[in-house]
Amino acid sequence: MASKGLLLVLSGPSGVGKGTVKSAIVETKAFPFEYSVSMTTRKPRPGEVDGKDYYFVSVDRFKEAINQGELIEYNQYVGNYYGTPLAPVKKMLSEGKDVLLEIDVNGAQKVRQQMPDGVFIFLTPPDLHELKHRLVHRGTDSETVIQNRMKQARNEIMMMSDYDYAVVNDTVANAVSHIKAIVEAEHVSVKRVIDSYRKMVEED
Ligand SMILES: Nc1ncnc2c1ncn2[C@@H]1O[C@H](COP(=O)(O)OP(=O)(O)OP(=O)(O)O)[C@@H](O)[C@H]1O
Ligand SMILES: Nc1nc2c(ncn2[C@@H]2O[C@H](COP(=O)(O)O)[C@@H](O)[C@H]2O)c(=O)[nH]1
């Protein structure tokens with residue numbers, strides 16, 4: 001029975017390990033999903049690839065995307081724009097593929113308003129000290145940017161209450177295994193399965 005894919009929204013403070021956990025899901029083949037590549041005006045970090053990690057664009061191009069209604073949501077975060085292109089997400093879901101969005105909490109709130117059937121997962125650090133350690137250890141941001149990201153993190157953690165699930169990223173393996181369990185359970189949730197049966201009964 002063909003049904004729409006699941007929209008999986010993974011968010012949490014910068015540096016908690018969203019990207020690391022996403023890569024581990026791919027490497028361990030924990031479950032299949034398509035990744036929604038965001039658009040950003042941030043400059044690429046060493047090793048980041050345009051079209052794979054992000055679509056790296058100018059501020060003018062980003063504003064054009066906003067005006068043309070190309071984005072499900074967008075947000076300004078620590079001086080740069082970030083947004084989720086709508087068309088690829090809609091296409092992949094209609095093809096029955098699960099789609100993963102890795103976005104900040106403000107973006108997740110906006111997606112929730114438009115796509116309430118999504119599965120919203122908040123990835124949380126064991127504690128704030130460890131979060132700062134991860135941001136510093138990653139070595140990609142200046143001291144000022146790290147301070148701004150930590151300031152944002154305190155507000156973001158309080159927004160966990162808007163999510164369906166909270167997963168502690170203590171070890172990457174634990175986080176992957178919890179997210180896998182959530183996705184498997186969501187696939188057989190009555191809320192989701194009943195839609196397919198409704199269609200079947202209507203067409204009978
Ligand atoms: N469970 C973990 N234990 C220890 N270190 C971790 C863990 N998960 C991720 N890290 C490390 O924390 C740092 C931040 O991880 P990552 O870049 O994946 O975070 P992020 O949430 O995607 O950040 P951003 O939102 O800024 O893109 C990296 O150096 C990564 O190796
Ligand atoms: N609202 C959105 N937030 C996004 C999107 N893509 C990424 N992000 C989040 O931005 C911060 C910073 O990311 P970084 O790559 O510069 O470290 C982080 O929390 C991301 O999850 C998006 O499309 N919309």
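At what angle do the axes of α1 and helix α7 cross, and within what distance do they come? In this predicted model, the two axes cross at roughly 70° and come within 9 Å. The model also holds an open sheet of 5 strands, an open sheet of 4 strands and two ligands with their surrounding residues.

**Conventions**

- Residues are numbered from 1 along each chain as its sequence is written, while chains are lettered from A and ligands numbered from 1 in the order in which they are written.
- As the model is predicted, local features need pLDDT of at least 70 and side-chain atom pairs count only at pLDDT 80 or more, whereas totals for chains, interfaces and linings use all residues.
- Helices (H or I, at least four residues) and strands (E, at least two) are DSSP runs, numbered from the N terminus.

**Five-stranded sheet**

- The strand order of this open sheet is β2-β7-β1-β8-β9, with parallel pairing; two strands pair if DSSP finds at least two bridges between them.
- Its edge strands, β2 (34–35) and β9 (165–168), each pair on one side only.
- Strand β2 runs parallel to strand β7 (residues 99–102), to which 2 bridges join it.
- Y35 has L100 in β7 as its bridge partner.
- Helix α4 packs on the sheet, where it touches β1 (7–11), β7 and β8 (119–124); contact between two residues requires C-beta atoms, placed from the backbone, within 7 Å.
- The direction of α4 makes about 155° with that of β1; axes are lines fitted to C-alpha atoms, for helices over the stretch in contact, and angles run from 0 to 180 degrees between N-to-C directions.
- Helix α7 also packs on this sheet, touching β1, β8 and β9, and its direction makes about 170° with that of β8.

**Four-stranded sheet**

- This open sheet has the order β4-β3-β6-β5 and mixed pairing.
- At its edges are β4 (54–56) and β5 (71–77), each of which pairs on one side only.
- On average, and with direction ignored, neighbouring strands of the sheet are turned by 25° against each other.
- Strand β3 (residues 38–40) pairs with β4 in the parallel sense over 3 bridges, while 2 bridges join β3 to β6 in an antiparallel arrangement.
- T40 stands opposite F56 in β4 and also opposite Y82 in β6.
- Strands β5 and β6 pair in the antiparallel sense over 6 bridges, and L71 has P85 in β6 as its bridge partner.
- The hairpin of β5 and β6 has 2 residues between the strands, and V78 in the turn has a positive phi of about 40°.
- Helix α2 (residues 59–67) lies across β3, β5 and β6 (80–85), at about 40° to β6.
- Helix α4 (residues 105–114) lies across β5 and β6, at about 160° to β5.

**Helix pairs**

- Two packed helices are described by the angle between their axes and the distance between the axes.
- Helices α1 and α7 are therefore roughly perpendicular to each other (under 35 degrees counts as roughly parallel, over 145 as roughly antiparallel, 65 to 115 as roughly perpendicular and the rest as oblique).
- In this contact, T20, V21, A24, I25 and T28 of α1 meet V172, A175, V176 and I179 of α7.
- By class, the contact of α1 with α7 has 7 nonpolar, 2 polar and no charged residues; Ala, Val, Leu, Ile, Met, Phe, Trp, Tyr, Cys and Pro count as nonpolar, Asp, Glu, Lys and Arg as charged, and the others, Gly among them, as polar.
- Helices α5 and α6 (residues 143–158) pack at about 150° with axes 11 Å apart, which makes α5 roughly antiparallel to α6.
- L131, K132, L135 and V136 in α5 meet I146, R149, M150 and A153 in α6, a contact of 6 nonpolar, no polar and 2 charged residues.

**Ligand shells**

- Ligand 1 is surrounded by 13 residues, the closest being S14, G17, G19, T20 and R134; a residue is near a molecule or strand if its C-beta atom, placed from the backbone, lies within 6 Å of it.
- The elements that give two or more residues to this shell are α1 (18–28) and α5 (128–138).
- The shell around ligand 1 has 2 nonpolar, 8 polar and 3 charged residues.
- Ligand 2 is surrounded by 15 residues, of which S38, N75, Y82, I103 and G107 are the closest.
- At least two residues of the shell around ligand 2 come from each of β5, β6 and α4.
- The shell around ligand 2 divides into 3 nonpolar, 7 polar and 5 charged residues.
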